[in-house]
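Q: Here's a model I've never looked at before. Could you pick one spot, give it a close look, and then walk me outwards from there into the rest of the fold?

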Amino acid sequence: MNVPGLAAACVIAFAFGAIPFSWILARLLGGVDIRNLGSGNVGATNVARTIGYGPGTAALILDALKGVAAVLAARAVAGGGAQGGAVDALAGGLAVLGHNFTPFLRFRGGKGVATGAGVFGLLAPRALLAAVVVFAVAMAATRTVSLGSVLAAAAMPLGVFFFGGDPALVVMAVLVSALVIARHRSNLARILAGTEGRLGGGKDGGADR
């Protein structure tokens, strides 16, 4: 095992994930600190609500791409071979962790949905597609982004397992799913109380509140 290479890969994956694109775009395009607007979350949904759908879409794409970049960079540094599956899974998990707890913003980041989508789009595309279907169905039925995101996160490990993902990737999917759901705990509390907003209603149903 190339221990120095693996350690470097872990650092690089976390660093890629920690790039706060939502904060950067809000600063560049709106001249504001996204942490002081809307829900205060450093995520694409909050950018879309407070700055505009164009910047929000850009933040979504960049957050997904940094998940892909984190895994590819980790592969390049650590090498493939027998450790390839484990390296991919570890890098993907660290990218999501970096997004959620970015040291560039005093460990106040987003919720990992877009970055996780980028990671699984690369490593488990069929599982991601299944999760997207779950999200779409939940959205169509409830118009609540947060519920759709939580259900999609819960479906991801099942999809990775069902489609024969590497065991290390299955474990990573479980951990990332648990993290994403935990980051939505305030949304879940509002859903149970019947106070969570919905798209098209008087309040928004943003997944990042």
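A: Let's start at Phe-107, which counts as exposed because its relative accessible area is 53% and the cut-off for that label is over 50%. Keep in mind as we go that this is a predicted model. To find Phe-107, look in the loop between α5 (84-100) and α6 (113-123). Its backbone is worth a look too: phi is positive there, at about 65 degrees, although Phe-107 isn't a glycine. Most residues other than glycine have a negative phi, so a positive value is worth pointing out.

Arg-143 is another residue to view with that in mind. Arg-143 isn't a glycine either, and its phi is positive at about 60 degrees. You'll find Arg-143 in a loop as well, the one between α7 and α8 (145-162). Arg-143 has a relative accessibility of 37%, so it counts as partly exposed.

Now let's look at the helices on either side of that loop. Helix α7 spans residues 125-142 and holds Val-133. Val-133 gets the label partly exposed because its relative accessibility is 47%. Val-133 belongs to a nonpolar patch on the surface, together with Leu-129, Val-132 and Val-137. Put together, these four residues have about 360 Å² of accessible area. Over in helix α8 sits Leu-151, which is partly exposed too, at 36% relative accessibility. If you want a distance to check on screen, try Leu-151 and Ala-138: they are 13 residues apart along the chain, and their C-alpha atoms are separated by 7.7 Å.

Next, go back to α5, the helix on one side of the Phe-107 loop. Helix α5 lines the second largest pocket along with α9 (167-183), each of them supplying at least two residues. That pocket holds about 210 Å³ of space. Among the residues lining it are Ala-86, Leu-90, Gly-93, Leu-97, Val-171, Met-172 and Leu-179. By class, the lining comes to 11 nonpolar residues, 1 polar and no charged ones. Gly-93 is part of that lining, and glycine is counted as polar here.

Helix α5 also takes part in a salt bridge. Arg-75 pairs with Asp-88, with 2.8 Å between the closest N and O atoms. This pair links distant parts of the chain, 13 residues apart: Arg-75 is in helix α4 and Asp-88 is in helix α5. The two ends get different labels, because Arg-75 is partly exposed at 35% relative accessible area, while Asp-88 is buried at 12%.

How many salt bridges are there in total? The count comes to 3. Another one joins Lys-66 and Asp-63, at 3.4 Å from N to O. These two residues are 3 apart in helix α4, so about one helical turn separates them. Both Lys-66 and Asp-63 are buried. Then there's Arg-35 with Asp-33, whose closest N and O atoms are 2.8 Å apart. Arg-35 counts as partly exposed because its relative accessibility is 21%, whereas Asp-33 counts as buried at 13%. The line between those labels is drawn at 20%.

Stay with Lys-66 and Asp-63 for a moment, since they lead to the last stop. Both appear in the lining of the largest cavity, along with others including Gly-17, Ile-19, Phe-21, Val-42, His-99 and Thr-102. The elements giving two or more residues to that lining are α1 (3-18), α2 (21-30) and α4 (53-78). The lining residues divide into 5 nonpolar, 4 polar and 2 charged. As for space, the largest cavity has about 40 Å³, and the count of cavities of 30 Å³ or more is 1.

So, starting from the exposed Phe-107, we've ended at a cavity with the buried pair Lys-66 and Asp-63 in its lining.

Technical notes:
Residues are numbered from 1 along each chain as its sequence is written. This is a predicted model: local features need pLDDT of at least 70, side-chain atom pairs count only at pLDDT 80 or more; totals for chains, interfaces and linings use all residues. Side-chain values use heavy atoms; hydrogens and water are left out. Patches are made of residues with over 30% relative accessible area and no salt bridge: like charges are joined within 9 Å, nonpolar side chains (Val, Leu, Ile, Met, Phe, Trp, Tyr) within 5 Å. Accessible areas come from the Shrake-Rupley method with a 1.4 Å probe; for residues, only the protein chains shown count as cover. A salt bridge is a side-chain nitrogen of Lys or Arg within 4 Å of a carboxyl oxygen of Asp or Glu. Helices (H or I, at least four residues) and strands (E, at least two) are DSSP runs, numbered from the N terminus. Buried means under 20% relative accessible area, exposed over 50%, partly exposed in between (1.4 Å probe, protein chains only). On a 1 Å grid over the protein atoms alone, a cavity is a set of points where a 1.4 Å probe fits but cannot get out, and a pocket is an open set with protein on both sides within 12 Å along at least five of seven lines; lining residues have an atom within 4 Å of a point. Grid points are joined across faces, edges and corners, and a volume is the space filled by probe spheres set on the points.
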